Amino acid sequence: MQEDPEKLAEKTLEQYRRFMNPGMASLLRFMGLDAVEWEGEGAVVRDAAGNEYLDFLGGYGALNLGHRHPAVVAAVREQLDRLPLSSKILLSKPAADLAQLLCEVGPPGLERVFFCNSGAEAVEGALKLARAATGRKKFIAATGGFHGKTLGALSVCGRDVYRQPFEPLLADVALVPFGDAAALEAATDSETAAVILEPIQGEGGVNIPPDDYLPRAKETCDRAGCILILDEVQTGLGRTGFLFECQRSGVAPDIMALAKSLGGGVMPLGAFMAKARVWRPFEENPLLHSSTFGGNPLACAAGLAAVKTIIEEKLPQQAAEKGSYLMQRLADIKSEYEDIIVDVRGRGLMIGVEFRDSDVAALVIAGLARRQVLAAYTLNNPKVLRLQPPLIVSREQLDSFLATFSESLSQAKSLLAP
Ligand code: PLP
């Protein structure tokens, strides 16, 4: 690092202000997050001045393997030296290998894969396929749900603040309360193309549905002859203690969307998978849906190394064990702070801490940032602090987070005192 780190931070913030988004610049400064990130390793990020941050946000769930996992970096390097992007007209081995692996380890019956670059794109593709496969138009989604911010994906999101400025969105979308199987059943009819749900709502505030919710949703879809799309963009790839969260209840969707950690924390990569009978419109016209960068060799090499490593290193099991430790300790902390913490909930290392209100959550997050722990609230519920560290996080790092969290709570409480 040649440049003076302080000057570099000032200059970068000013560039954000002038050339990117002044609102974001102010927000980052206000939260004490205006350092310049420089390098990362595992669950740690270092800024340009060499300060270390414990990363408990995990790139919004994109870092199940942590920063720069050696297996993913090696695979990407090897591919980079040969063919980073595809000719788009010859066969691509990394894409074919990754598609096969996903079909082998994914929920039963998902036999086809389309690769794209993000979660929103995976959802767009899933919605389009559902319409083409059924010849129907209507979608049913859940309040509080989050599926991305492109127009189609936004149409099935359940928070007004992100929807209203862009209306009219897709017509024929019905929102039903998340976790209420009877409401879902009542809304689903012979016009419905698909029901789209997250197995656990991430951005909605880490909302866990009743155990019978997904099985009942699948029965409802089967009865109505429509498609169940499960969005495992955030829950997938080991985060919740299973390779895919739907495996907990044994429900196999008709279409599944993936992204975030699929790229191994090194490359952007999304995908949607579907049953062969659902895939038929794409089979009849293989160019009906396409993407220039989707399935590029570099991203698929990262994806292949990522999925193999997640399985080899038993990351779902690690998430379950570490998550259960963290949840227990958080429950103890909650009992000391009942006046500001309303709930602690989660599965594996997808954990939400719900505060009395969003101001308390913001104070605690700012306190964590000052103590060099990265965390944030969930996009559709600012009262909830999300904890999504890399699944390779160590016990020492969990303990260090817990100590810092306690300090930040104590400080927030003293600031709130009358
Ligand atoms: N689906 C879910 C469940 C998500 O949590 C997100 C992002 O947070 C998305 C889709 C959108 O993914 P992306 O930001 O890569 O478009």
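**Notebook: pocket, strands, rings**

I sorted the lining residues of the second largest pocket and got 13 nonpolar, eight polar and one charged. The model I am reading is a predicted one.

**Entry: the pocket**

I looked up the volume of the second largest pocket, and the value is about 750 Å³. Its lining has 22 residues. I asked which of them lie nearest the centre of this pocket. They are Lys88, Ala95, Phe114, Pro286 and Gly294. I then looked for the elements that give two or more residues to the lining, and found α5 (93-105), β4 (110-116) and α11 (276-284).

**Entry: strand β4**

Phe114 led me from the pocket to β4. Five of the seven residues of this strand are buried, so β4 is largely enclosed by the rest of the structure. Next I checked its pairing with β10. The two strands run antiparallel and are joined by six bridges. Which residue of β10 stands opposite Phe114? I found Phe272 there.

**Entry: strands β8, β9 and β10**

I followed β10 to its pairing with β9. Four bridges join these two strands, and they run antiparallel. Met256 of β9 stands opposite Met273 of β10. Is the pairing of β8 with β9 parallel or antiparallel? I noted parallel, over three bridges. Here Met256 comes up again, as the bridge partner of Leu230.

I also looked at where the side chains of β9 (residues 255-258) point. Ile255 and Ala257 go one way, Met256 and Leu258 go the other way, and all of them are buried.

In β8 (residues 227-231) I picked out Leu228. Its relative accessible area is 0%, so I put it down as buried. From Leu228 to Ala252 I count 24 residues in sequence, and the C-alpha atoms are 8.8 Å apart in space.

**Entry: aromatic rings**

I counted aromatic pairs and reached seven. I took down the pair of Phe178 and Tyr213 with its geometry. The ring centres are 5.4 Å apart and the planes stand at 75°; with over 60 degrees as the cut-off, the pair is therefore edge-to-face. Where do the two residues lie? Phe178 is in the loop between β6 (173-176) and α9 (181-187), while Tyr213 is in helix α10 (residues 213-224), so the pair ties together parts that are 35 residues apart in sequence. I checked burial as well, and both Phe178 and Tyr213 are buried.

Phe272, already met opposite Phe114, pairs with Phe282. I noted 6.2 Å from centre to centre and 70° between the planes, an edge-to-face pair. Phe272 belongs to strand β10 (residues 270-275) and Phe282 to helix α11, so this pair ties together parts 10 residues apart in sequence. Phe272 and Phe282 are both buried. I then traced the ring pairs further: they link Phe114, Phe272, Trp279 and Phe282 into a cluster. Phe114 of this cluster is also one of the residues nearest the centre of the second largest pocket.

**Entry: charges over rings**

I looked for charged ends placed over rings. The charged end of Lys149 sits over the ring of Tyr162, at 4.1 Å from the ring centre. Arg395 lies over the face of Tyr325, and I noted 3.8 Å to the ring centre.

**Entry: backbone oddities**

I went through the backbone for unusual angles. Between Glu167 and Pro168 I found a cis peptide bond, with omega about 5°. Pro168 is in the loop between α8 (160-163) and β6.

Tyr60 is not a glycine, yet its phi is positive, about 60°. I placed Tyr60 in helix α3 (residues 58-61). Is Val206 buried or exposed? Its relative accessible area is 2%, so I wrote buried. Val206 too has a positive phi, near 55°, and is a residue other than glycine. I located Val206 in the loop between β7 (192-197) and α10. For Tyr60 the relative accessibility is 40%, so I entered it as partly exposed.

**Entry: Met24**

Last, I looked up Met24 in helix α2 (residues 22-30). With 39% relative accessibility, Met24 counts as partly exposed. I asked what separates Met24 from Leu243. They are 219 residues apart along the chain, and their C-alpha atoms are 34 Å apart.

Notes: Residues numbered from 1 in each chain as written. Predicted model: local features only at pLDDT ≥ 70, side-chain atom pairs only at ≥ 80, totals over all residues. Heavy atoms only, no water. 1 Å grid on protein atoms, 1.4 Å probe; cavity = no way out; pocket = protein on both sides within 12 Å on 5 of 7 lines; lining within 4 Å. Points joined across faces, edges and corners; volume = space filled by probe spheres on them. Nonpolar A, V, L, I, M, F, W, Y, C, P; charged D, E, K, R; others polar. Phe/Tyr/Trp six-rings, centres within 6.5 Å; stacked < 30°, edge-to-face > 60°. Buried < 20%, exposed > 50% of the residue type's maximum accessible area, 1.4 Å probe, protein only. Lys NZ or Arg CZ within 6 Å of the ring centre and 35° of its normal. Pairing = 2+ DSSP bridges.
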